[in-house]
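Trainee: I've got a new structure to look at and I'm not sure where to begin. Can we go through it together?

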Amino acid sequence: MSMSEIMPTIYLSIVSFFAWIVSTLAGGGSPFVLIPLVNLLMGAASVPPVITIGMFFGNAHRVLLFWRDIDWKLTAWYAPGAVLGAILGAYTFTRIHIDGLQIVIGIFLLISAVLFELEKSPDTKNVANSASQPDLNNLNNLDPDNLDPDNLNPDNLNPDNLETKLTALAIASEETSDSQETKEYGKSGVIEIPNANQTETQGQMPKPKFKLEAWHIMPAGFLKAYVSGLVGTTGPVLNPFYLRYGLLKEQMIATKAAHMTIIHVFKLITYGLLAALSQEQAIAGLAIGLAAIPANLVGKYILSRMSSQQFRQIVLVFMAVGGIWMLWGQRNLFLN
């Protein structure tokens with residue numbers, strides 16, 4: 001094999017490595033980087049099979065890497081629709097290629113990203129409002145370390161307020177001794193809530209205004225798998241679903257990887273049965289998939305040091321970028 005034949009594989013491997021790292025931190029989207037390169041090196045007809053092979057190996061490795069974080073209930077509902085959609089989509093691809101669908105997907109991603117950014121959780125608002133309210137009984141914040149002992153002299157205190165101030169001092173002392181908790185002052189008194197880091201770890205902030213149920217993903221999975229078989233990728237089109245279902249960080253990456261593996265297995269089987277897969281395409285796809293292994297390890301390390309809020313913001317930004325990318329790729333349809 002000559003150097004000119006090897007170089008495309010090397011290019012794909014290098015670009016794939018960085019694309020998979022970004023994909024881990026953004027909840028998907030590596031095909032956005034890889035599809036233009038595959039199209040340039042091998043032609044548009046090679047995009048779906050090559051991307052499918054690469055995505056299968058990369059996501060299968062993620063499944064092993066994030067096994068404990070997979071939401072199996074959601075996956076069980078996802079699988080039937082995704083399997084049927086993947087088979088039908090791959091079959092339809094061998095008969096017709098519909099680029100116009102990417103326009104619909106691009107618009108959907110843009111609208112979803114904007115709506116999620118504008119949406120404010122009721123729970124988040126309550127916490128923010130509570131933090132901005134004055135302390136109990138309209139007293140100033142009391143720091144026991146900075147209190148002047150002379151001020152505790154009964155001669156310097158109003159007898160009517162003595163009991164109230166001493167009570168507030170006791171509360172302030174208790175807050176100082178427990179650095180792992182914050183206080184929310186509501187109508188019912190003092191309520192303890194988890195700190196920000198604990199809440200992010202549990203994936204509970206910010207909460208969506210309405211939460212989807214697991215069974216809702218069955219029709220969504222069918223549509224995603226079908227369109228993916230037609231145009232090669234649908235981008236992070238299900239990310240709005242995962243966010244509204246309540247998945248963040250490792251849970252979202254793991255569950256989505258399991259779902260993508262299911263889709264790509266059946267797409268590969270269908271491509272193979274219909275003779276829509278060449279040896280050259282298989283090698284290129286394998287190069288993409290193998291480059292994902294070290295990239296997934298790097299991405300997991302970085303992801304573990306991100307907060308849930310940071311992850312959510314990156315996902316939304318990448319959804320918007322993906323939508324713009326899809327619309328730009330179909331700009332000729334608008335111009336013509």
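Mentor: Sure, and let's settle one word before we start: a residue is called buried when its relative accessible area is under 20%, exposed when it is over 50%, and partly exposed in between. Keep in mind that this is a predicted model.

Trainee: Okay, is Phe-66 buried or exposed?

Mentor: Phe-66 sits in the loop between helix 3 and helix 4. Its relative accessibility is 1%, and the cut-off for buried is under 20%, so Phe-66 counts as buried.

Trainee: Which residues is Phe-66 in contact with, leaving aside neighbours within four places in sequence?

Mentor: Try one pair to get a feel for it: Phe-66 and Ala-254 are 188 residues apart in sequence, but their C-alpha atoms are 5.2 Å apart in space. With the neighbours within four places set aside, the contacts of Phe-66 are Glu-250, Ile-253, Ala-254, Lys-300 and Leu-303.

Trainee: Of the contacts between residues at least 6 apart in sequence, how many join residues at least 24 apart?

Mentor: Here we look at the whole protein, which has 14 helices and two strands. Among its contacts between residues at least 6 apart in sequence, the share that joins residues at least 24 apart is 85%.

Trainee: Which helix gives the most to the largest nonpolar core?

Mentor: In soluble globular proteins, nonpolar side chains tend to be buried together. The largest core here has 43 residues, and Leu-74, Phe-241, Tyr-242 and Phe-311 touch the most other members. Helices giving it two or more residues include helix 1 (3-26), helix 4 (72-93) and helix 13 (308-329). With seven residues, the top contributor is helix 11.

Trainee: What does Phe-241 touch, not counting residues up to four places away in sequence?

Mentor: Phe-241 is one of the residues that touch the most other members of that core. Skipping residues up to four places away in sequence, Phe-241 touches Leu-74, Leu-212, Glu-213, Ala-214, His-216 and Ile-217.

Trainee: How many residues are in the second, separate core?

Mentor: Leu-37, Met-42, Val-47 and Met-55 are included in that second core. Its count is 17 residues.

Trainee: Now the outside. Which helix supplies the largest share of the nonpolar patch?

Mentor: On the surface, Phe-57, Leu-286, Leu-290, Ile-293 and Leu-297 form a nonpolar patch with about 410 Å² of accessible area together. One of them, Leu-297, has a relative accessible area of 47%, so it is partly exposed. Four of the patch residues come from a single element, residues 279-303, which is helix 12.

Trainee: And Phe-108, which residues does that one contact, leaving aside neighbours within four places in sequence?

Mentor: Phe-108 is in helix 5 (residues 101-118), and at 36% relative accessible area Phe-108 is partly exposed. Its C-alpha atom is 7.3 Å from that of Gly-323, 215 residues apart along the chain. Leaving aside neighbours within four places in sequence, Phe-108 is in contact with Val-237 and Pro-240.

Trainee: Last one: where does pLDDT stay under 50?

Mentor: The mean pLDDT of the protein is 75, and 68% of its residues reach 70 or more. One stretch under 50 has 25 contacts beyond four places in sequence, and that is residues 121-142. Another, with 37 contacts beyond near neighbours in sequence, is residues 176-205.

Definitions and conventions. Residues numbered from 1 in each chain as written. Predicted model: local features only at pLDDT ≥ 70, side-chain atom pairs only at ≥ 80, totals over all residues. Heavy atoms only, no water. Patch = residues over 30% accessible without salt bridge, like charges linked within 9 Å, V, L, I, M, F, W, Y side chains within 5 Å. Areas by Shrake-Rupley, 256 points an atom, 1.4 Å probe, with all protein chains shown as cover. Salt bridge = Lys/Arg side-chain N within 4 Å of Asp/Glu carboxyl O. Buried < 20%, exposed > 50% of the residue type's maximum accessible area, 1.4 Å probe, protein only. Contact = heavy atoms within 4.5 Å. Core = buried A, V, L, I, M, F, W, Y, C linked by side-chain atoms within 4.5 Å. pLDDT = per-residue confidence, 0-100.
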